[in-house]
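Good morning, colleagues, and thank you for making time on the agenda. Please look at the model on the screen while I go through a few selected positions and then the overall architecture.

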Amino acid sequence: MASSLKGKCAVITGSTSGIGMGMAQTLAAEGVHVMINGFGDAASIEAERAGMEKKYGVKVRYSAADISKPDQVEAMIKATNSELGSVDILVNNAGIQFTAPVEDFPLDKWDAILATNLSSAFYGIKYALPFMRAKKWGRIVSTASAHGLVASMQKAAYVAAKHGVVGLTKVVGLETAGSGITCNAICPGWVLTPLVQKQIDAMAAEQKISNEEAKIKLLSEKQPSKQFVTPEELGAYLVFLCSDAAAQITGSAMTMDGGWTAQ
Ligand code: NAD
């Protein structure tokens with residue numbers, strides 16, 4: 001696997017934290033040059049960038065693009081091509097969450113979640129595909145969610161957006177079939193990242209239980225394995241989907257959810 005990816009160039013949105021950071025590390029370990037992206041403290045991001053370059057001996061660049069803005073995504077994709085050499089792998093990963101019953105769901109939160117979790121993937125694919133088509137090779141992988149396949153209460157925008165990502169994945173899988181380009185979605189269950197820690201903190205405060213109890217409760221409600229998926233496991237899944245062995249996997253929504261959606 002390593003030899004088939006060595007020297008390829010990837011752009012991974014939302015890779016300054018959580019799953020995206022794990023995926024960036026895993027691709028870099030395979031010899032892939034990486035454009036990282038996301039918000040956060042400038043010094044920590046630079047430490048991540050420089051640390052990856054040193055550890056893995058690949059080029060790592062950073063784009064501060066707000067991926068909810070099409071012009072910024074276009075600029076990030078162009079910068080990936082000019083600074084790293086090509087755009088072979090696009091990982092649409094950045095995402096945000098907000099929970100409320102649908103009739104109380106704030107309009108601005110709905111718009112922000114749809115823009116960040118769904119429209120961003122469309123922008124990334126639209127601007128990256130011409131580079132991939134020119135090379136007759138490409139891998140597009142979006143981090144959807146178990147919530148791309150099934151629903152939970154209070155997550156109207158998130159569930160709608162993630163189902164949308166799965167739909168977009170199918171269309172792009174069809175439009176690129178046989179071209180050397182594949183497009184797939186990974187649907188993780190619970191992963192212990194800052195995005196989920198916020199939900200654990202809210203549950204602990206609301207139900208007056210400890211952080212550990214809240215973690216177990218959160219897992220027990222949805223994830224039969226009662227174990228968190230890890231960013232490293234998702235990184236390994238991504239590497240497989242980018243490999244030649246996965247050339248015929250396209251338009252798919254692949255779960256890694258400890259059994260969540262088997263129920
Ligand atoms: P996280 O909060 O740790 O990381 C999110 C990343 O996205 C950060 O780097 C953040 O800076 C970036 N980001 C947010 N808005 C952005 C914007 N407008 N422009 C650029 N970057 C932006 O979250 P995570 O848990 O690692 O989530 C990553 C993806 O995985 C999301 O799409 C999320 O919906 C999905 N997911 C997470 C879980 C889970 O349990 N953590 C489960 C299923 C799916």
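Lys136 is exposed, because its relative accessible area is 64%, over the 50% cut-off. I should state at once that we are looking at a predicted model. Lys136 belongs to the loop that joins α5, residues 107–135, to β5, residues 138–143. What is the sign of phi at Lys136? Phi there is positive, at about 55°, although Lys136 is not a glycine. As general background, most residues other than glycine have a negative phi.

A second lysine deserves mention at this point. Lys226 also has a positive phi of about 55°, and it is not a glycine either. Lys226 is found in the loop between α8, residues 211–222, and α9.

Let me stay with that loop for a moment. Val229 is likewise placed in the loop between α8 and α9. Is Val229 buried or exposed? Val229 is buried, because its relative accessible area of 6% falls under the 20% cut-off. Which residues does Val229 touch, once neighbours within four places in sequence are set aside? Its contacts are Gly189, Trp190, Val191, Leu192, Gln223, Leu234, Met256 and Asp257. Val229 can also be related to the beginning of the chain through Ile19: the two are 210 residues apart in sequence, and their C-alpha atoms are 9.8 Å apart in space.

From the loop we pass to the helix that follows. Glu232 lies in helix α9, which covers residues 231–242. Glu232 is exposed, with a relative accessible area of 52%. How far apart in space are Glu232 and Met21, C-alpha to C-alpha? They are 9.3 Å apart, with these positions 211 residues apart in sequence.

I turn now to two glycines. Gly124 lies in helix α5, the helix that ends at residue 135, ahead of the loop of Lys136. Gly124 counts as buried, because its relative accessibility of 2% is under the 20% cut-off. Beyond its neighbours within four places in sequence, Gly124 is in contact with Val73, Ile77, Leu90 and Asn92. In the case of Asn92, the C-alpha separation from Gly124 is 7.1 Å, and the two positions are 32 residues apart along the chain.

The other glycine is Gly259, which sits in the segment after β7, residues 253–256. Gly259 is partly exposed, with a relative accessible area of 23%. Where does Gly259 stand in relation to Lys136? The C-alpha atoms of Gly259 and Lys136 are separated by 36 Å, and the residues are 123 positions apart along the chain.

With those positions in mind, let us consider the chain as a whole. Its secondary structure consists of 9 helices and 7 strands. The radius of gyration is 18 Å, close to the 18 Å that the globule rule gives for 263 residues, so the chain is as compact as a globular protein of that length. The C-alpha trace spans about 55 × 40 × 35 Å along its principal axes.

How much of the chain is buried? Buried residues make up 50% of the 263 residues. Of the contacts with a separation of 6 or more, 71% are between residues 24 or more positions apart. The area that the chain exposes is about 11600 Å², and carbon and sulfur atoms supply 57% of it. As for charge, there are 24 positive and 24 negative side chains, and the centres of the two sets lie 6 Å apart.

Finally, the domains. The domain assignment gives domain 1 as 2–190 + 230–262 and domain 2 as 192–228. How many residues does each domain bring to the contact? Domain 1 supplies 17 residues and domain 2 supplies 13 residues. The centres of domain 1 and domain 2, taken over C-alpha atoms, are separated by 25 Å.

That concludes the presentation, and I would be glad to take questions.

How values were computed. Residues are numbered from 1 along each chain as its sequence is written. This is a predicted model: local features need pLDDT of at least 70, side-chain atom pairs count only at pLDDT 80 or more; totals for chains, interfaces and linings use all residues. Side-chain values use heavy atoms; hydrogens and water are left out. Helices (H or I, at least four residues) and strands (E, at least two) are DSSP runs, numbered from the N terminus. The radius of gyration is taken over C-alpha atoms; the globule rule is 2.2 Å times the number of residues to the power 0.38. Buried means under 20% relative accessible area, exposed over 50%, partly exposed in between (1.4 Å probe, protein chains only). Contact means heavy atoms within 4.5 Å. Accessible areas come from the Shrake-Rupley method with a 1.4 Å probe; for residues, only the protein chains shown count as cover. Lys and Arg count as positive and Asp and Glu as negative; His and the chain ends are not counted. The place of a charge is taken as NZ of Lys, CZ of Arg, CG of Asp or CD of Glu. Domain bounds come from an automatic or database domain assignment.
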